[in-house]
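Here is a quick walk through one protein model, meant to be read with the viewer open. Have a look at the sequence and structure first, then follow along.

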Amino acid sequence: MAIDGHISNYPNQKNLMEKKNKQSLFAAPNGKSYLVPFILITSLFLLWGFAHGLLDVLNKHFQGAFTMTKAESGLVQFSTYIAYFLMALPAGMFMKRYGYKKGIILGLLLFAAGAFAFIPAAFLHSATPFLVALFIIACGLCILETAANPYSTILGPTESGAQRLNLSQSFNGLGWILGPLVGGALIFGGAQDDPFTLTKPYILVGGIVLLVAILFFFTRLPEIKVEEQEENRLDTKLPSTSMWRHGQFVRAVIAQFCYCAAQTGIFSFFINYVTELDPQMTNIEASRILAFGGMALFMIGRLSGSFTMKWMAPGKLLTWFALADAICMALVIVSAGTISLYALYISFFFMSIMFPTIFALGLEGMGTYTKKASSYIVMGVAGGAFSPMLMGYIGENNMAIGFFVPLIAFLYILYFAIRCKK
């Protein structure tokens, strides 16, 4: 919303306009709107949600196609999430030097390259080339997340940063629904021993990502300098000490590691848990339940969480959701039939707001450290690299026991949320 130059002659009208801009979710400091850039950035959340959703299908498929144990199939997640640990800081440095737009384009190109690498990998009839391709994809996703998460929080007033990020992340939830749905149909619908069935969803997503990269290349985006913007905000104090002296930021890095460990483990072994609890259920049926049951609740949780934060502080909401998820995991572990199955479904709803809320809370008051701090919080995604292998090892004979790992993770997130409230 642009402010007309004549309004400056009428203080009352000017104050009213400034009040409206302050209340707007996408209001820029100069009175304009960041809505269009926000829509473009939000499309990225959908794409990487789809890519992550495919992983949960690959995990179960690799167990059969390449004769892997549950712990070995965790290499699917390891090859993906370890890239976040390795690429987070380089991605942040690239963004600091070249800006958000170039970072986004680079991330999209790496994403597409990894997707198309599934084609030559299929000719080698081994799991290793597919794992390398997943690593390349994840390098691109890491750059996209390093750019898009903080970009989303600053496309409007500071006080609504967490709300805006949750809104973007709700489209990430839509991608999580489409991933297992499309992946399950294309992968489980083909021959289990045919590696070329793995290429179908990745050729599809690779083509779409290339189109999006072209769109970003020809679209003008505002290059927001976090350092300059934070200095101009009266309600933000620049940190005068090392960022590692800021307790909430440090706890956020650990909490993000725990959350990603919990989320990745639950998503990865959802199909295993459901098919063990109900031996009559097929893999493709379980993948549909994952899409329409778990992932749909995940998306609904992010949408409702974004609006709930209008009247409830993010730290308080996170406290209740972390407590609810800890209870759900306890019910999953005891394997009480239908009750445990519904507890597993419901846990998706309460997980929904955790990543963006922890991210936003961790960046509070970081000022000139915002970009660097966001890189370290993104590194917390490495929790997803180790959790599936650990859960697979613990739950090799009884998958339910493996869910002790996300239970412990949610208990730490509960601690983090309580400290944020204080």
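## Starting at Ile377

Ile377 sits in helix H17, which covers residues 370-379. This is a predicted model, by the way, so everything here is computed from predicted coordinates. Is Ile377 buried or exposed? Its relative accessible area is 0%, and since buried means under 20%, Ile377 counts as buried.

What does Ile377 touch once neighbours within four places in sequence are set aside? The contacts are Phe249, Val253, Gln256, Phe359, Gly362 and Leu363. For a sense of how the chain folds back here, take Ile254: 123 residues separate it from Ile377 in sequence, yet their C-alpha atoms are 8.3 Å apart in space.

## The overall picture

Zooming out, the protein has 19 helices and 0 strands. Of its 422 residues, 59% are buried. Looking at contacts between residues at least 6 apart in sequence, 82% of them join residues at least 24 apart.

As for the outside, the accessible surface is about 17300 Å², and carbon and sulfur atoms account for 66% of that.

## The big core

The largest nonpolar core has 142 residues, and the members touching the most others are Leu44, Leu108, Tyr202, Phe216 and Phe403. Helix H7 (residues 127-154) is the top contributor to this core, giving 16 residues.

Phe403 is worth clicking on. Apart from neighbours within four places in sequence, Phe403 is in contact with Ile266, Phe269, Tyr273, Met329, Val332, Ile333, Leu344 and Met391. One of these partners, Tyr273, is also among the buried residues of helix H12.

Leu108, another of the well-connected core members, is one of the buried residues in helix H5. The others buried in H5 are Tyr100, Gly103, Ile104, Ile105, Gly107, Phe111, Ala112, Gly114 and Ala115. How far apart are the end C-alpha atoms of H5? They are 25 Å apart, which agrees with the 24 Å that 17 residues (100-116) should span at 1.5 Å a residue.

## H12 and a salt bridge

Helix H12 runs over residues 270-277, and 6 of those 8 residues are buried, so the helix is mostly covered. The buried ones are Phe270, Ile271, Asn272, Tyr273, Val274 and Thr275.

Glu276 isn't on that buried list; at 37% relative accessible area it is partly exposed. Its side chain meets that of Lys70 in a salt bridge, with an N to O distance of 2.3 Å. The pair ties together distant parts of the chain, with Lys70 in helix H3 (residues 70-73) and Glu276 in H12, 206 residues apart. Lys70 is buried, at 6% relative accessible area. The total count for the model is 1 salt bridge.

## Arg251 on H11

Helix H11 (residues 247-268) holds Arg251. Arg251 has a relative accessible area of 15%, which puts it in the buried class. Not counting residues up to four places away in sequence, Arg251 touches Tyr412, Tyr415, Phe416 and Arg419. Arg251 and Leu361 are 110 residues apart along the chain, with 10.0 Å between their C-alpha atoms.

## A nonpolar patch outside

Which residues form the nonpolar patch on the surface? They are Trp320, Leu323, Ile327, Leu331, Val334 and Ile339, together offering about 580 Å² of accessible area. Helix H14 (residues 314-333) gives the most to the patch, with 4 residues. Ile327 is found in H14.

## Two positive phi values

Most residues other than glycine have a negative phi, so a couple of loop residues deserve a second glance. His125 has a positive phi of about 50° without being a glycine. His125 lies in the loop between helix H6 (118-122) and H7, and at 55% relative accessibility it counts as exposed.

Ser335 is the other one to check, with a positive phi near 50°. Ser335 is placed in the loop between H14 and helix H15 (338-351). With a relative accessible area of 32%, Ser335 is partly exposed.

Key: Residues are numbered from 1 along each chain as its sequence is written. This is a predicted model: local features need pLDDT of at least 70, side-chain atom pairs count only at pLDDT 80 or more; totals for chains, interfaces and linings use all residues. Side-chain values use heavy atoms; hydrogens and water are left out. Buried means under 20% relative accessible area, exposed over 50%, partly exposed in between (1.4 Å probe, protein chains only). A nonpolar core is a set of buried Ala, Val, Leu, Ile, Met, Phe, Trp, Tyr and Cys residues joined through side-chain atoms within 4.5 Å. Contact means heavy atoms within 4.5 Å. The expected span of a helix is 1.5 Å times one less than its number of residues. Patches are made of residues with over 30% relative accessible area and no salt bridge: like charges are joined within 9 Å, nonpolar side chains (Val, Leu, Ile, Met, Phe, Trp, Tyr) within 5 Å. Accessible areas come from the Shrake-Rupley method with a 1.4 Å probe; for residues, only the protein chains shown count as cover. A salt bridge is a side-chain nitrogen of Lys or Arg within 4 Å of a carboxyl oxygen of Asp or Glu.
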